[in-house]
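User: I am new to this structure and would like a close look at a single part of it. Please take one residue where the chains meet and work outwards from there.

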Amino acid sequence: MALEATFWILAVVGVGAALLVVLLGNIFRAALSLIVCFLAVAGIYVTLSAGFLAAVQVLIYVGAIAVLIILAIMLTREVQRGSPFGRLKIPALIVALLCFGVVSFAMLNTPWQISAVPPLEPTTPAIAGRLFGEGGFILAVETVGVLLLAAILGAIILVREK
Amino acid sequence: MSIGLGHYLILSAILFSIGLYGALAKRNAIVILMSIEIMLVGVSIAMVAFSRYVVPLLLTGQVFAIFVMIVAAAEAAVGLAIIISIYRNRETIDATKIDLMKW
């Protein structure tokens, strides 16, 4: 019962915050409600018994990405101009609704094989085993490290003063 | 009614569609980037839900969600660097006015 209540509260808060990000005219408030959306999603991960992922979500999304976005908002001084809609407002709404309809129809009509096994409880050691252990994702982990390095170098070069 | 896989999938579809709407309809480049982050988060919810309900002992979905997070961080860093550099050169980040490469 507690799980249901938690899920519904977090889902409503997350969807409402995501709607505010898109609909608010003030970019700074949109960035703050983006943080609320990320925190609600971290709570959703906890209800899915993915504790490690929830902690990483708070650290990376709220701690790094949101701060980066707020920094960019302050550096570009676009707050006065706000965040207006473009000419595609109505077609974009139709496309988004169509996408939601198709995706939810496909998801609800697929016979997923739900497993009755209870989830692993401390997930951190198991994820470490999957990432670094035998037959795991070690190649992808190292590739992603190179990708992060390339992204950081690219960002530094892009914003460097001439 | 107990919470099942379908609830999480619908939640992820709603978040993805909201992000898609924002990315298509907004003119401010930073808001477009925030909408893309919402889309990535929605997909991550779907993957963690599949991992929890379909293969609870393999955790593959959670590993994929970690990779999605790393890619989102890299994308935010590069995207915001590009936006700041465009703002320095052209004094605007309105996506409809950045049409230098438009044919």
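Analyst: A:Phe85 touches B:Ala25, B:Lys26 and B:Arg27, leaving out residues up to four places away in sequence, where touching, or being in contact, means that the C-beta atoms of two residues, placed from the backbone, lie within 7 Å. This is a predicted model, in which local features need pLDDT of at least 70 and side-chain atom pairs count only at pLDDT 80 or more, while totals for chains, interfaces and linings use all residues. Residues are numbered from 1 along each chain as its sequence is written, and chains are lettered from A and ligands numbered from 1 in the order in which they are written.

A:Phe85 sits in the loop between helix H3 (51–76) and helix H4 (89–109) of chain A; helices here are DSSP runs of H or I with at least four residues, numbered from the N terminus. Because 18 other C-beta atoms lie within 10 Å of its own, A:Phe85 is partly exposed, a class that falls between buried (20 or more such atoms) and exposed (12 or fewer). Within its own chain, A:Phe85 is 62 residues from A:Leu23 in sequence, yet their C-alpha atoms are 8.9 Å apart in space.

Turning to the contact between the chains, 74 residues come from chain A and 61 residues from chain B. On the side of chain B that touches chain A, two or more residues come from each of helix H1 (5–25), helix H2 (29–53) and helix H3 (60–90) of chain B, and H3(B) gives the most, with 20 residues. By class, this side of chain B has 47 nonpolar, 10 polar and four charged residues, where Ala, Val, Leu, Ile, Met, Phe, Trp, Tyr, Cys and Pro count as nonpolar, Asp, Glu, Lys and Arg as charged, and the others, Gly among them, as polar.

The largest nonpolar core, a set of buried Ala, Val, Leu, Ile, Met, Phe, Trp, Tyr and Cys residues joined through C-beta atoms within 7 Å, has 77 residues, and those with the most contacts inside it are A:Phe38, A:Ile69, B:Ile30, B:Met34 and B:Ile45. H2(B) supplies the largest share of this core, 17 residues. Domain 1 (1–100) and domain 2 (121–162) of chain A both give residues to this core, so it lies between them; the domain bounds come from an automatic or database domain assignment. Among the partners of B:Ile45, leaving aside neighbours within four places in sequence, are A:Val41 and A:Ile44 as well as B:Tyr8 and B:Leu11.
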